[in-house]
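Me: Could you take me through one part of this structure up close? I'd like the sheet, please, and what sits around it.

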Amino acid sequence: MITVQMLYQLQEVEVEIESLIKTLNACLKKLGENEKLSAARSKLFSIHNKLEELKKKQQEIDWTIDDIEAKLKKSNDDLYSGRINNPKELTNLQQDVKNMESQRKQQEDGALEIMAQIETVTAEQSAQTICFKAIESEWRNEHAALIDEAQRLKTSISKLKEKREAMVAAIEPEILDYYNQLKVKKGLAVSKIEQGMCCGCRISLSTAELQRVRTGQVVECSSCHRILYLA
Ligand SMILES: [Zn+2]
């Protein structure tokens, strides 16, 4: 009886170790995953790049306008200086001024459009920053909880493994070999008896089988061949 009970307890510890290892692996997998966070980060990054590009464009337009204005000033100065008397030259100069004014208007319209775009993208950036920070903080909390959980699981597993070693050491080697072979074949080597039935295969046991189990012998179920255990 003692032996079968020890085997059953060993099995329970082993089942628990397996289950904790599965939970630990799921936990470690989760720790490595942060798709939501990296998606939010890359979206923020792309908005930032878009904004930088718009600002660069705005700077270029400003420079172009400055350039046009400098040329305009020079042409206007020439035009009103009284130095140019040739009518054809004056007409050409007036035309140049007109062209430059039209260019300036075009650039200024472009600048307004860019400014509106910058405003839109800046708002987008603020919204995405808030969103990113929320996801990051949620992830950090979850991350901390997962690290704690993984640590707790590792400790439990190592304690159970120590317990298992002690149990294994107390069982006769031949019985342990037999148990291990059955475990390989059946998944679970020991089957509990409940209401006269083997829990491994749900077959009703004969009175003789039950009697042998009660005497403490190592008895195999005649149907599934697991070691029978009566609590
Ligand atoms: Zn059975």
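Reply: Let's start with one pair: Ile193 has Cys198, in strand 2, as its bridge partner. Before going on, note that this is a predicted model, where local features need pLDDT of at least 70 and side-chain atom pairs count only at pLDDT 80 or more, while totals for chains, interfaces and linings use all residues. Residue numbers start from 1 along each chain, as its sequence is written.

Now zoom out a little. Strand 1 (residues 190-194) pairs with strand 2 in the antiparallel sense, over two bridges. Strands count as paired if DSSP finds at least two bridges between them. Strands here are DSSP runs (E, at least two residues), helices are runs of H or I with at least four residues, and both are numbered from the N terminus. In general, strands of a sheet pair through backbone hydrogen bonds, either parallel or antiparallel.

The open sheet has three strands in the order 2-1-3, with mixed pairing. Strand 2 (197-198) and strand 3 (227-229) are at the edges with a single partner strand each, so one side of each has no neighbour in the sheet.

What lies across strand 1 and strand 3? That's helix 1 (residues 2-32), which runs at about 95° to strand 3. Such angles go from 0 to 180 degrees between N-to-C directions, using axes fitted to C-alpha atoms, for helices over the stretch in contact. Contact means that the C-beta atoms of two residues, placed from the backbone, lie within 7 Å.

Finally, the domains: an automatic or database assignment sets their bounds, giving domain 1 (1-33 + 172-231) and domain 2 (37-164). Their centres, taken over C-alpha atoms, are 67 Å apart.
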